Amino acid sequence: MNPLPSEQRVPIAAEVDIILARKAAREAAKALGFGMVDQSRIATAVSELVRNVIRYANDGQGEMIVRAIRDPKRGNGIEIIVKDDGPGIANPSEALRDGFTTGRGLGLGLPGARRLMDELVLDSGLGRGTTVTTHKWCH
Amino acid sequence: MMSSVSIVPIEGTLVVTVRGDLADQDATDLPNVLGDALEVFRARGILLDLSVVETVDSFLGRVIDDIARLTRLLGARTVVVGLQPAVAITITELGLQLQGVATALNVEIGMSMLRDVIGRQYQ
């Protein structure tokens with residue numbers, strides 16, 4: 001068995017952190033036994049979520065937390081939390097729809113990340129920042 | 001600058017290899033850099049080799065789409081080669097369309113596709 005990596009925290013402050021964050025997530029996923037395709041899904045979802053922090057949060061500041069999780073029914077998995085204390089999203093449910101964008105993007109970021117992961121919860125509101133919590137299970 | 005991309009002109013085609021994770025700024029600059037390179041080398045095709053790229057997110061996907069459209073406007077063509085299967089699966093699940101982007105399994109097939117397209121323009 002691979003040893004489970006302890007919780008990892010990656011600060012998000014500049015564009016280069018997009019690359020560092022997805023590298024950290026990919027390595028954690030690999031250590032947890034995820035296959036190539038899942039590693040790609042997880043790294044890409046992280047790329048979308050962390051870029052949102054850089055683009056839309058105040059000063060682009062935030063943090064990614066990666067940890068191993070275990071569920072009696074679903075087994076081993078990975079939890080990735082991406083959070084910022086930016087302005088928040090006024091209409092979180094809209095933001096999960098394809099094509100929703102306030103910027104210059106394609107509007108694929110959040111809905112795309114949700115499709116790539118098994119679970120994604122968006123917690124946000126005006127003035128209280130944004131926290132995205134995602135899970136992927138080793139099947 | 002842009003140490004993670006190499007551009008090699010071969011037989012009227014630019015063989016462009018992305019050698020790892022592209023910083024956002026480098027990715028943003030890439031369409032312009034390739035547009036200039038087409039002119040400088042009088043090339044008619046771009047073979048975009050992504051075989052060592054591990055992550056194509058919606059941002060890089062849009063850059064690839066921009067490159068394909070820009071090269072068509074300049075009378076040239078782009079063929080993307082070497083996408084890893086895991087990356088290709090992720091692109092479709094993410095919802096990226098990449099409708100105008102021609103792809104080929106490897107460099108040889110991509111080069112022959114470009115020769116066909118470019119050759120036809122002169123007939």
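A residue is called buried here if 20 or more other C-beta atoms lie within 10 Å of its own, and exposed if 12 or fewer do. Keep that in mind as we walk through this predicted model, starting with a short helix of chain A.

**One helix and what surrounds it**

In H4(A), the buried residues are Gly109(A), Leu110(A), Gly112(A), Ala113(A) and Leu116(A). These residues sit on the same side of H4(A), because the arc they cover around the axis is only 165 degrees. What lies over them? The cover of the buried residues of H4(A) includes parts of both chains: helix H2 (36-56), helix H3 (92-95), strand S4 (119-124) and strand S5 (130-137) from chain A, along with H2 and H3 from chain B.

**Where the chains meet**

H4(A), which spans residues 109-116, also pairs with helix H3 of chain B, residues 85-94; their axes come within 8 Å and cross at roughly 125 degrees. That angle makes H4(A) oblique to H3(B). The crossing of H4(A) past H3(B) is right-handed. On the H4(A) side, Gly112(A), Arg115(A) and Leu116(A) take part, and they meet Thr90(B), Glu93(B) and Leu94(B) of H3(B). Sorted by class, the residues of this contact of H4(A) with H3(B) are two nonpolar, two polar and two charged. Two of the names should look familiar: Gly112(A) and Leu116(A) are among the buried residues of H4(A).

Now step back to the whole contact between the chains. Chain A brings 22 residues to the contact and chain B brings 18. Which helices of chain B supply at least two residues each to the side that touches chain A? They are helix H1 (24-40), helix H2 (58-73) and H3. H3(B) gives the largest share of that side, with six residues. By class, the side of chain B that touches chain A holds seven nonpolar, five polar and six charged residues.

**Helix pairs compared**

Two packed helices are described by the angle between their axes and the distance between the axes. Here are three pairs from this model, set out in that way.

| Helix pair | Angle between axes | Distance between axes |
|---|---|---|
| H4(A) and H3(B) | roughly 125 degrees | within 8 Å |
| H1(A) and H2(A) | roughly 150 degrees | within 8 Å |
| H1(B) and H2(B) | about 10 degrees | 10 Å |

Let us take the pair in chain A. Are H1(A) and H2(A) roughly parallel or roughly antiparallel to each other? An angle over 145 degrees counts as roughly antiparallel, and H1(A) and H2(A) are therefore roughly antiparallel to each other. Their crossing is right-handed. Many residues join in, including Ile18(A), Ala21(A) and Ala25(A) of H1(A) and Ile42(A), Val46(A) and Val50(A) of H2(A). The contact of H1(A) with H2(A) divides into nine nonpolar, two polar and six charged residues.

In chain B, H1(B) and H2(B) are roughly parallel to each other. Among the residues that make their contact are Ala27(B), Leu34(B) and Leu38(B) of H1(B), with Phe59(B), Val63(B) and Leu70(B) of H2(B). By class, the contact of H1(B) with H2(B) has ten nonpolar, three polar and two charged residues.

**The layout of chain A**

Chain A contains four helices and five strands. Their order along the sequence is β-α-α-β-β-α-α-β-β. Chain A has 139 residues, and 40% of them count as buried. Of the contacts in chain A with a separation of 6 or more, 61% are between residues 24 or more positions apart.

Val82(A) gives a good example of a buried position. Val82(A) belongs to strand S3, residues 75-84, of chain A. Val82(A) counts as buried because it has 27 C-beta neighbours inside 10 Å. Beyond its neighbours within four places in sequence, Val82(A) is in contact with Leu49(A), Val50(A), Val53(A), Gly62(A), Met64(A) and Val132(A). One of these, Val50(A), also takes part in the contact between H1(A) and H2(A).

**Two unusual loop residues**

Most residues other than glycine have a negative phi. Glu11(B) is not a glycine, yet its phi is positive, about 45 degrees. Glu11(B) is placed in the loop between strand S1 (5-10) and strand S2 (13-18) of chain B. Glu11(B) counts as exposed because it has 12 C-beta neighbours inside 10 Å. Arg42(B), also not a glycine, has a positive phi of about 50 degrees. The loop holding Arg42(B) runs between H1 and strand S3 (45-49) of chain B. With 8 other C-beta atoms within 10 Å, Arg42(B) is exposed.

How values were computed. Residues numbered from 1 in each chain as written. Chains lettered and ligands numbered in written order. Predicted model: local features only at pLDDT ≥ 70, side-chain atom pairs only at ≥ 80, totals over all residues. Axes fitted to C-alpha atoms, helices over the stretch in contact; angles between N-to-C directions. Parallel < 35°, antiparallel > 145°, perpendicular 65-115°, else oblique. Left-handed = near helix turned anticlockwise from the far one by under 90°. Contact = placed C-beta atoms within 7 Å. Nonpolar A, V, L, I, M, F, W, Y, C, P; charged D, E, K, R; others polar. Arc of directions from axis to C-beta.
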